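Biologist: I would love a close look at a single part of this protein, the sheet and whatever packs around it. Could you walk me through that part and then show me how the rest fits in?

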Amino acid sequence: MTRVTGDWLDSPATQVVMGLLEDGGHLAYAVGGCVRNALLAVPVSDVDISTDARPERVMELARAAGLKVVPTGIDHGTVTVVADGEGFEVTTFRADVETDGRRAVVRFADDVHEDAVRRDFTMNALYADRRGTLVDPLGGLPDLEARHFRFILDADTRIREDYLRILRFFRFTAWYGDPEAGMDPEALAAIAANLDGLDVLSRERVGVELVKLLKAPDPLVSVSVMERLGVLAHVLPGASITALGPYLLLEAEQGMTPDPMARMAVMGYFDGAALRLSRSQQRELELFRALMSGTEGPAELAYRHGSQAAQIVMVLRAASLGMPMPPDLPAELSRGAQAKFPLKAKHLMPAYQGAALGEALRRAEDHWIAQDFAPDGAALRNWLDEG
């Protein structure tokens, strides 16, 4: 018998929350990503709990146990129970009544099978009680063991319930699928038949999902299939995967941490505002756009933007423009990042004031960089006086 194990399940907080539901006469199962990841032996981040108890009953039991409870999504059956400082989303079993491709009207259910049927993929419809006993209402375990993502029952129906599931399919496949086994043909056919549904989704939901996909260790297979089916043209118009493969190879050779904005940039997409990305992500995309076709060396890039951004830019240039990687890149990045401009405003006063002072500092810094960080403060002041 397959059992679910892990520190996340054995933790006192998890056991308290699941236990108060069971002791109150209800079913309580960990569900979805935590069970899937535990069985795949990959890290578990969040623990979601599914129960036949109605939200008001969950709140009653939690408060009776002295726990804080927040009605985060009570209309949809979800409350957050806080134990030992950790929040657990506890959701009543649900069944879909009506869907429009973006949101669903649900009713509460008493049966775990009904709850499982409304989920997206068979390996996400796995449940475990607090003792680790696996509950598999839809036979998803064989799919998980094969790392095969398959929509529950009818793929077309599942997609029409929420078109974001198209992107979730590719994201989960990138993270957990077997790239050698290929993708589910029924899923791909249903995706191809429902591409227009992507256009009804909020750009923010699309952006969040794409960032998660592009964080995967190797998203190339998923993104390649997305391009072939026409998905990429809907969510990243104008993007191309031509340079993505070379970028990923160089990224791995350099031992770099996956950066979804860099991967988006190498596909030629820079409109972070259209995807409602965070301001920092938009700034990162704009930085890569500005620097990818530049000529600054790695030391200058590292001095101006930090060694991490400089390394990414050099890899972006190599992948997209066919430029060779500098053989001494680590040393140049370190040299640039550690360089200290030897002049400060006080060194040029009172000879320079106001706007002239700022301009003098800028010219001196540009000259210092062009001279490979060599001139000292005195040499730079003499250079300014002679200019």
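Modeller: Happy to. Let's begin at one pairing inside the sheet: strand 1 (residues 28-31) and strand 8 (residues 127-128) run antiparallel and are joined by two bridges. Within that pairing, Ala30 has Ala128 of strand 8 as its bridge partner. Please keep in mind that this is a predicted model.

Strand 1 has another neighbour as well. Four bridges tie strand 1 to strand 2, and these two strands are antiparallel too. Here Tyr29 is the residue to look for, with Ser50 in strand 2 as its bridge partner. From Ser50 you can step onward, since Ser50 stands opposite Thr91 in strand 5. The direction changes at this point: strand 2 and strand 5 run parallel, again with four bridges between them.

Now put these pairings into the whole sheet. It is an open sheet of seven strands in the order 3-4-5-2-1-8-9, and its pairing is mixed. Strand 3 (68-73) and strand 9 (134-135) form the edges, each pairing on one side only. Helix 3 packs on this sheet, where it touches strand 1, strand 2 (48-51), strand 8 and strand 9, and its direction makes about 65° with that of strand 1. Helix 4 (residues 55-64) lies across strand 2, strand 3, strand 4 (78-83) and strand 5 (86-92). With strand 4 the angle of helix 4 is about 10°.

Helix 3 also leads us away from the sheet, to helix 8. The buried residues of helix 8 pack against helix 3 (33-40), and their other partners are helix 7 (155-161), helix 9 (185-193), helix 10 (203-214), helix 11 (220-229) and helix 12 (231-235). How much of helix 8 is hidden, then? Eleven of its 13 residues are buried, so helix 8 is largely enclosed by the rest of the structure. If you want to find them on screen, the buried residues include Leu164, Ile166, Leu167, Phe169, Phe170 and Phe172. Arg165 and Arg171 are on the buried list too, together with Thr173, Ala174 and Tyr176. The length of helix 8 can be checked as well: at 1.5 Å a residue, the 13 residues of helix 8 (residues 164-176) should span 18 Å, and the end C-alpha atoms are indeed 18 Å apart.

Further along the chain, Ala319 in helix 17 (residues 307-321) is a good residue to visit. Its relative accessibility is 13%, and because buried means under 20%, Ala319 counts as buried. Leaving aside residues up to four places away in sequence, Ala319 touches Ala243, Pro246, Tyr247, Leu250 and Val266. For a sense of distance, Ala319 and Asn124 are 195 residues apart in sequence and 36 Å apart in space, C-alpha to C-alpha.

Some loops have backbone details that deserve a look. Arg276 lies in the loop between helix 14 (260-266) and helix 15 (279-292). Its phi is positive, about 55°, although Arg276 is not a glycine. At 54% relative accessibility, Arg276 counts as exposed. Asp372 is another residue other than glycine with a positive phi, near 60°, and it sits in the loop between helix 20 and helix 21 (377-386). Asp372 counts as partly exposed, at 44% relative accessibility. Pro350 belongs to the loop between helix 19 (345-348) and helix 20 (354-370). The peptide bond leading from Met349 to Pro350 is cis, with omega near 5°.

Finally, step back to the protein as a whole. Its secondary structure comes to 21 helices and nine strands. The radius of gyration is 27 Å, well over the 21 Å that the globule rule gives for 387 residues, so the protein is more spread out than a compact globule. Along its principal axes the C-alpha trace spans about 85 × 50 × 35 Å. Of the 387 residues, 50% count as buried. Among contacts with a separation of 6 or more, 62% come from residues 24 or more positions apart. The accessible surface amounts to about 18000 Å², and carbon and sulfur atoms account for 51% of it.

Methods:
Residues numbered from 1 in each chain as written. Predicted model: local features only at pLDDT ≥ 70, side-chain atom pairs only at ≥ 80, totals over all residues. Heavy atoms only, no water. Expected span 1.5 Å × (residues − 1). Buried < 20%, exposed > 50% of the residue type's maximum accessible area, 1.4 Å probe, protein only. Contact = heavy atoms within 4.5 Å. Pairing = 2+ DSSP bridges. Axes fitted to C-alpha atoms, helices over the stretch in contact; angles between N-to-C directions. Rg over C-alpha atoms; globule rule 2.2 N^0.38 Å. Areas by Shrake-Rupley, 256 points an atom, 1.4 Å probe, with all protein chains shown as cover.
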